[in-house]
Amino acid sequence: MERNSKIYVAGHRGLVGSAIVRNLKEKGCSNIIGRTHEELDLKDQKSVRNFFREEKPEYVFLAAAKVGGINANNIYPADFIYENLEIQNNVIKAAFDYKVKKLLFLGSSCIYPKMCPQPIKEKYLLSGYLEATNEAYALAKISGLKMCQFFKRQYGADFISCMPTNLYGPKDNFDLNSSHVMPALIRKFHEAKVNNKEFVEVWGTGTPLREFLHVDDMADGCVFLMGNYDGEEHVNIGTGKEITIRELAETIKEIVGFTGELKFNKDKPDGTPRKLLDVSKLKELGWTYKVQLKDGIKSTYHWFKENYL
Ligand code: GFB
């Protein structure tokens, strides 16, 4: 990928897509294209094919998806499986038909079995039952990574996939019903502080473990893979470190400066107990993360106060 290569970032205004655009621009890339929902509905096959025929991008980062936290995934499984399959089928097939040089498909660590050995290696995929709360999204993402693998195997298409751990950072979704835990707790603790509330509700038991990667690291890892990897197997992207939801809540509470209590609502699902990624494959390729969790939470909280309120 050269600085003047024509690069399409699908989902260029989202949490990951916007970070990829920032990273590419920092690296001097000058020919980056994106389309908003209004400009291009990726669920509409005809529009997607027209776009690829007219624009003929050379490289594609497929960061567009219907995403959400445990609550949204649990409530809307039909939407999560159908819309994500539509988006990825349309983009991957159009990329193939219009001879895109290379495509990177972005998945998620929820593709792995609920109870598989930790840390999770890429080869554990499909070795057991999925976590029920995000089975729909996981099946869509598994299909996408397998589709890239099979287009490479059958046609020699340079389509690769990466599977990130839980991501957070600027431009995240802070809506309390559809968001992931990190932005939800940042917002809850902030609003509890400014409104002098006595407690903040944390969903579940607080015992699940999660790994968190800042989206700027995710973007850097994606650009690194686009330039340095062409294998069939997907690649995990993460930090290799995990924290309990309780520890996360206490860390965010301290950073925000809330002095009240935590209340755990056990009526909300815990989801998968752990999903720590084995990141040795990416490390051996020559990439590791940089943003430490506390620094990332502080900068995300700053972004939230500057941009969301
Ligand atoms: O981040 P999260 O929504 O998704 O939840 P998953 C992580 C853990 O945080 C769960 C707990 O155990 C939640 O119960 N949690 C505590 C909260 N308080 C809150 C809160 O206020 N909001 C939220 N959202 N969680 C997602 C998958 O699973 O991981 C997606 O559903 C995707 O498909 C994503 O794969 C990366 O980490 O459980």
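**Exercise 1. Where is the place of proline 119?** Describe also the peptide bond before this residue.

Solution.
Step 1. The model is predicted. In it, proline 119 belongs to the loop between β4 and α5.
Step 2. Most peptide bonds are trans, and most residues other than glycine have a negative phi.
Step 3. The bond that joins glutamine 118 to proline 119 is cis, with omega at about -5°.

**Exercise 2. Locate cysteine 116 and threonine 133, and decide for each whether the residue is buried or exposed.**

Solution.
Step 1. Cysteine 116 is found in the loop between β4 and α5. Threonine 133 lies in the loop between β4 (102-106) and α5 (135-155).
Step 2. A residue is buried when its relative accessible area is under 20%. Cysteine 116 has 8% relative accessibility, so cysteine 116 counts as buried.
Step 3. The relative accessible area of threonine 133 is 9%, so threonine 133 is buried too.
Step 4. For threonine 133, look for a side-chain partner: a polar contact of 2.6 Å joins the side chain to that of glutamate 131.
Step 5. For cysteine 116, take a distance across the model. Its C-alpha atom is separated by 27 Å from that of aspartate 79, and the two residues are 37 apart along the chain.

**Exercise 3. Describe the largest cavity by its volume, its lining and the kinds of residue in that lining.**

Solution.
Step 1. Rolling a probe the size of a water molecule over the atoms shows where empty space is left.
Step 2. One cavity of 30 Å³ or more is present in the structure. The largest cavity holds about 50 Å³ of space.
Step 3. Its lining consists of Ser109, Cys110, Tyr112, Pro113, Lys114, Ile120, Glu131, Asn134, Thr272, Arg274 and Lys275.
Step 4. Sorting these residues gives four nonpolar, three polar and four charged.
Step 5. Glu131 is among the lining residues, and glutamate 131 is also the side-chain partner of threonine 133 from the previous exercise.

**Exercise 4. Classify the ring pair of phenylalanine 51 and phenylalanine 52, then find a cluster of rings.**

Solution.
Step 1. A pair of aromatic rings is described by the distance of the centres and the angle of the planes.
Step 2. The structure holds 13 aromatic pairs. In the pair of phenylalanine 51 and phenylalanine 52, the centres are 5.5 Å apart and the planes stand at 90°, so this pair is edge-to-face.
Step 3. The accessibility of phenylalanine 51 is 5%, so phenylalanine 51 counts as buried. Phenylalanine 52, with a relative accessible area of 0%, is buried as well.
Step 4. The cluster is made of Phe96, Phe151, Tyr155 and Phe159, which ring pairs link together.

**Exercise 5. Which rings have the charged end of lysine 66 or lysine 268 over them?**

Solution.
Step 1. For lysine 66, the ring is that of phenylalanine 80, with the charged end 5.1 Å from the ring centre.
Step 2. For lysine 268, the ring is that of tryptophan 203, and here the distance to the centre is 4.5 Å.

**Exercise 6. Compare lysine 171 and asparagine 196 by phi, place and accessibility.**

Solution.
Step 1. Lysine 171 has phi near 70°, a positive value in a residue other than glycine. Asparagine 196 is not a glycine either, yet its phi is positive at about 50°.
Step 2. Lysine 171 is in the loop between β6 (166-168) and α6 (181-194), and asparagine 196 is in the loop between α6 and β7 (199-203).
Step 3. With 37% relative accessibility, lysine 171 counts as partly exposed, whereas asparagine 196, at 68%, is exposed.

**Exercise 7. State the place and accessibility of lysine 6, phenylalanine 174 and aspartate 216, with one distance for each.**

Solution.
Step 1. Lysine 6 is in the segment before β1 (7-10). Its relative accessible area is 19%, and it is buried. Its side chain reaches the backbone oxygen of glutamate 55 at 2.8 Å.
Step 2. Phenylalanine 174 is in the loop between β6 and α6 and counts as buried at 0% relative accessibility. Its C-alpha atom is separated by 6.8 Å from that of arginine 187, 13 residues apart along the chain.
Step 3. Aspartate 216 is in helix α7 (residues 215-228) and, at 33%, is partly exposed. The C-alpha atoms of aspartate 216 and leucine 185 are separated by 20 Å, and these residues are 31 apart along the chain.

Key. Residues are numbered from 1 along each chain as its sequence is written. This is a predicted model: local features need pLDDT of at least 70, side-chain atom pairs count only at pLDDT 80 or more; totals for chains, interfaces and linings use all residues. Side-chain values use heavy atoms; hydrogens and water are left out. Rings of Phe, Tyr and Trp (its six-membered ring) pair if their centres lie within 6.5 Å; planes under 30 degrees apart count as stacked, over 60 as edge-to-face and the rest as tilted. Buried means under 20% relative accessible area, exposed over 50%, partly exposed in between (1.4 Å probe, protein chains only). A charge sits over a ring if NZ of Lys or CZ of Arg is within 6 Å of the ring centre and within 35 degrees of the ring normal. On a 1 Å grid over the protein atoms alone, a cavity is a set of points where a 1.4 Å probe fits but cannot get out, and a pocket is an open set with protein on both sides within 12 Å along at least five of seven lines; lining residues have an atom within 4 Å of a point. Grid points are joined across faces, edges and corners, and a volume is the space filled by probe spheres set on the points. Ala, Val, Leu, Ile, Met, Phe, Trp, Tyr, Cys and Pro count as nonpolar, Asp, Glu, Lys and Arg as charged, and the others, Gly among them, as polar. Helices (H or I, at least four residues) and strands (E, at least two) are DSSP runs, numbered from the N terminus. A polar contact is a pair of N or O atoms within 3.5 Å; within protein, one must be able to donate a hydrogen and the other to accept it, and residues adjacent in sequence count only if both atoms are side-chain atoms.
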